[in-house]
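This report looks at salt bridges in one protein chain. The sequence and structure come first, and the description follows.

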Amino acid sequence: MASLLFLEIFTTIVYKLSCDKLLEKRKMSCVKQTLVWCAFFCLCNGLTYGGGLPPAVNGLIFMATLLAALELLYQASHRQKLLLTAVFYLLGVGAEGIAFAVTALLLPENGSAMTSLLVSKLLWFAAVRAVPFLWKGSRAAEQVSMADWLETLMIPLFSAVIAVSVLGEGTEYGKWAYLLSMMLLVGINLLSFLLYERVRENSGRQARMDYLEKTVEQYLSMSKEMGSYYEELRYFKHDLKQRYLLEQTYLEEKNYGKLQESYQESLQILNQEKLLSRTGNPYIDNIVNYKALLARKENVKMEAEMSVASDAAFSEADVCFLLGNLIDNAIEAAVKSQDKSVRICVRMKDGNLFIDIENTKEPLRNETAEKKRTPTTKDNPREHGMGLAIIHNIVEKYHGELQIREEEQRFRVQIWLFDIETA
């Protein structure tokens with residue numbers, strides 16, 4: 001009885017940790033959250049083990065109680081909650097079937113039923129640990145390394161092997177030694193899960209901080225360069241009268257060489273004044289115009305079609321990170337192409353924002369380049385993943401859509417952000 005109670009407590013803890021990772025929690029105190037999970041534990045296990053009901057009915061009870069707990073604790077869609085409940089149930093049924101077959105094959109006919117249950121919980125735990133890697137689709141799975149998969153599956157599976165080969169029907173020291181061995185085995189798995197998640201969170205937090213620090217430095221540089229440019233333009237306009245008088249003197253003296261030099265100098269400054277973005281929205285204008293200056297230094301031709309409300313209610317940080325990352329990636333790819341060009345289109349209508357960025361790039365070298373995974377040309381691939389993750393997070397924040405199209409020598413990203421005015 002004590003072993004069974006311990007295993008079910010372990011199972012409930014894993015449910016909570018996994019759901020916290022996969023679903024967005026409602027604003028609720030820790031005490032209320034704990035009470036809901038305790039109610040789920042008591043109701044589900046009380047009806048399952050105390051009711052003497054058929055397995056099919058027990059399965060329905062489990063799904064109903066877990067779904068009710070998810071509805072109370074999380075604010076994800078009903079479809080996501082129902083899907084996650086079904087995944088947990090199917091993984092549990094599958095693990096029990098495999099564990100029963102393994103223990104029936106390797107242990108005597110009167111083998112320990114508790115060992116079979118322990119093995120099923122460990123197999124289920126291994127499967128549940130893999131769910132977060134696949135929950136958000138192929139994009140999330142691509143960012144998971146082989147080391148992540150090994151760490152996720154290795155400890156639970158090896159623990160299952162130990163449970164079958166060492167514990168077997170029990171230990172020679174009695175049921176309390178068996179219970180202690182089970183608790184140590186399960187505790188090691190739970191502790192490794194918690195430590196691994198803590199390491200991943202700290203690593204991800206540090207990577208985000210490094211990326212954001214580098215981005216802030218870039219925008220400080222942007223501010224300085226734009227300030228220098230506007231200062232130069234201000235001096236030019238201030239001295240415009242004197243420049244005209246000087247050119248008139250060159251003309252009267254028929255000094256056409258000096259006149260030509262003055263004319264070329266003025267033309268160069270005036271050409272710089274042709275800013276790509278003049279929407280009236282300072283955040284979009286500054287980021288696009290600054291990136292245009294960077295593109296000009298790299299001999300990349302940039303065109304822009306801009307139509308955005310000056311009082312659009314999106315977050316300043318969102319627009320800077322989104323446009324900044326997309327344009328940086330486009331310029332980096334265009335620099336390495338033969339026809340160095342970037343085209344930007346940003347339009348806003350009825351509270352919806354449309355972003356379309358297309359750039360030239362190197363020709364596809366082989367078939368692997370045509371895979372859906374977005375290639376990176378950055379020196380540090382970790383930064384590429386972080387920038388892409390930020391883009392996806394912003395798109396999800398505004399319930400938007402993201403499309404990536406890649407052709408032989410062109411790369412195109414289209415983004416729709418909806419309900420900007422009420423975001």
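Which residue forms a salt bridge with Glu-8? In this predicted model, the partner of Glu-8 is Lys-121, and their closest N and O atoms are 3.6 Å apart. The two residues lie in distant parts of the chain, 113 residues apart: Glu-8 belongs to helix H1 (residues 2-22) and Lys-121 to helix H5 (residues 113-135). Glu-8 has a relative accessible area of 8% and is buried. Lys-121 is also buried, at 12% relative accessibility.

A search of the whole structure finds eleven salt bridges. The table lists the Glu-8 pair with two others.

| Acidic residue | Basic residue | Closest N to O distance |
|---|---|---|
| Glu-8 | Lys-121 | 3.6 Å |
| Asp-328 | Lys-291 | 2.9 Å |
| Glu-358 | Arg-410 | 2.7 Å |

Asp-328 and Lys-291 form a salt bridge that links helix H12 (residues 316-335), which holds Asp-328, with helix H11 (residues 282-297), which holds Lys-291; the two residues are 37 residues apart. Both Asp-328 and Lys-291 are buried.

The salt bridge between Glu-358 and Arg-410 connects two strands: Glu-358 is in strand E3 (residues 352-360) and Arg-410 in strand E5 (residues 410-417), with their positions 52 residues apart in the numbering. Glu-358 has a relative accessibility of 14%, so this residue counts as buried because the cut-off is under 20%. Arg-410, at 28%, counts as partly exposed.

Glu-358 and Arg-410 also belong to a network of salt bridges that includes Arg-343, Asp-356 and Arg-412.

Notes: Residues numbered from 1 in each chain as written. Predicted model: local features only at pLDDT ≥ 70, side-chain atom pairs only at ≥ 80, totals over all residues. Heavy atoms only, no water. Salt bridge = Lys/Arg side-chain N within 4 Å of Asp/Glu carboxyl O. Helix = DSSP H or I, 4+ residues; strand = E, 2+ residues; numbered from the N terminus. Buried < 20%, exposed > 50% of the residue type's maximum accessible area, 1.4 Å probe, protein only.
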